[in-house]
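Okay, thanks for making the time, everyone. Let me put the structure up and we'll walk through a few spots together.

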Amino acid sequence: MGTPTPHTHPILRTGWGWEGPVTKGGEEGRAEGRRGTPLVASSLHGSRLQPTWVLGIGGSSTWAMAEDRPQQPQLDMPLVLDHDLTRQMRLRVESLKQRGEKRQDGEKLLRPLESVYRLDFTQQQRLQFERWHVVLDKPGKVTITGTSQNWTPDLTNLMTRQLLDPTAIFWRKEGSDAMDWNEADALEFGERLSDLAKIRKVMYFLITFGEGVEPTNLKASVVFNQL
């Protein structure tokens, strides 16, 4: 079998908006690559060691296998905008305003830039978090917050104590196609999803949009290895 390339290897097709091996850092990272400083392809991976494509000084390249093992089958589970739940939470805010009432003690009200998303676990057992796949088609920022709510908003309100830490934050800078993220927290959050999948069929998220982006600008999913 020939040497894998960044364009054909699944780990190196990062999907962060431009082709080829990248690290975080957008234009700065690309500039370093052009100068010949070694770059290592990366994304938000779980604990499993990954093969990496390294660009050497002067443009030479080598293939470094961090661990020699067969590629595991993967599941890409999308975060989908839940229009009904988002609408119901917005109606809750409007209803309180119209009646001049206060929210329930500890209740989480949906803010204008927040929307409710859901992830349906097509498989619940033997999952290992691999990476987040988050793309914005324009500069901006999104914050993804998990909830412990098994949602029946007609019967119960979302409470602030049901918002999970840490959050995953992704942003795209003006003039750059690359995505950046709060790597440590996003990785910890992603790894928790493997455990949460074991006890729930569906998980709900609040996604906060900032700096000019909205749901139509976002594509987000979580990639798991099947063990």
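Quick one to wake you up: does Asp177 count as buried, partly exposed or exposed? At 34% relative accessibility, Asp177 counts as partly exposed. And before I go any further, keep in mind that this is a predicted model.

So what is Asp177 doing there? Its side chain meets that of Arg172 in a salt bridge, 3.2 Å from N to O. Arg172 itself comes out as buried, at 14% relative accessibility.

While we're on charges, salt bridges that share partners join Asp82, Arg118 and Asp120 into one network. Across the whole structure, a search turns up nine salt bridges. As general background, side chains of opposite charge can pair when their charged atoms come close.

Let's take the Arg118 and Asp82 bridge. The closest N and O atoms there are 3.7 Å apart. Now, Arg118 sits in strand 6, residues 114-120, and Asp82 is in the loop between strand 5 (80-81) and helix 2 (83-99), so this pair ties together parts that are 36 residues apart in sequence. On accessibility, Arg118 is partly exposed at 23%, whereas Asp82 is buried at 10%.

Another one is Glu114 with Arg111, whose side chains meet at 2.8 Å, N to O. Here Glu114 is buried, with just 3% relative accessibility, and Arg111 is partly exposed at 47%.

Okay, on to the rings. How many aromatic pairs does the structure hold? Six. The one I'd like to show you is Phe189 with Phe205: it's a tilted pair, 6.1 Å centre to centre, with 45 degrees between the planes. Phe189 lies in helix 3, residues 183-196, while Phe205 lies in strand 11, residues 202-210, so the pair ties together parts that are 16 residues apart in sequence. If you're wondering about solvent, Phe189 is buried with a relative accessible area of 2%, and Phe205 is buried too, at 0%. Zoom out a bit and those two belong to a cluster: ring pairs link Phe129, Trp132, Phe170, Phe189 and Phe205.

Since we're already on helix 3, here's a little sanity check on its geometry. It has 14 residues, and at 1.5 Å a residue it should span 20 Å; the end C-alpha atoms are 20 Å apart, which agrees. Which residues of helix 3 are buried? They are Ala186, Phe189, Gly190, Leu193, Ser194 and Leu196. What covers them includes strand 7 (127-136), strand 8 (140-146), strand 9 (168-172), strand 11 and strand 12 (218-226).

Have a look at the loop between strand 10 (180-181) and helix 3, because that's where Asn182 lives. Asn182 is buried, with 18% relative accessible area. A polar atom of its side chain lies 3.1 Å from the backbone oxygen of Thr167. Leaving out residues up to four places away in sequence, Asn182 touches Thr167, Ala168, Ile169 and Trp171.

Over in helix 2, there's Met89, which is buried at 8% relative accessibility. With the same sequence neighbours, up to four places away, left out, Met89 touches Lys108, Leu110, Val116, Trp151 and Leu158. Pick out Leu158 from that set: it is 69 residues from Met89 along the chain, and their C-alpha atoms are separated by 8.9 Å.

Last bit, for those of you who like backbone torsions. As a rule, most residues other than glycine have a negative phi, and most peptide bonds are trans. So where does this model have something else to show us? A cis peptide bond joins Asp165 and Pro166, with omega about -5 degrees. Pro166 is in the loop between strand 8 and strand 9.

Then there are two positive phi values in residues other than glycine. For Arg126, phi is near 55 degrees; Arg126 is in the loop between strand 6 and strand 7, and counts as exposed at 55% relative accessibility. For Glu211, phi is near 60 degrees. Glu211 is in the loop between strand 11 and strand 12, and is exposed as well, with a relative accessible area of 60%.

That's my tour. Happy to spin the model around if anyone has questions.

Terms used:
Residues numbered from 1 in each chain as written. Predicted model: local features only at pLDDT ≥ 70, side-chain atom pairs only at ≥ 80, totals over all residues. Heavy atoms only, no water. Phe/Tyr/Trp six-rings, centres within 6.5 Å; stacked < 30°, edge-to-face > 60°. Helix = DSSP H or I, 4+ residues; strand = E, 2+ residues; numbered from the N terminus. Buried < 20%, exposed > 50% of the residue type's maximum accessible area, 1.4 Å probe, protein only. Expected span 1.5 Å × (residues − 1). Contact = heavy atoms within 4.5 Å. Salt bridge = Lys/Arg side-chain N within 4 Å of Asp/Glu carboxyl O. Polar contact = N/O pair within 3.5 Å; in protein donor to acceptor, adjacent residues only side chain to side chain.
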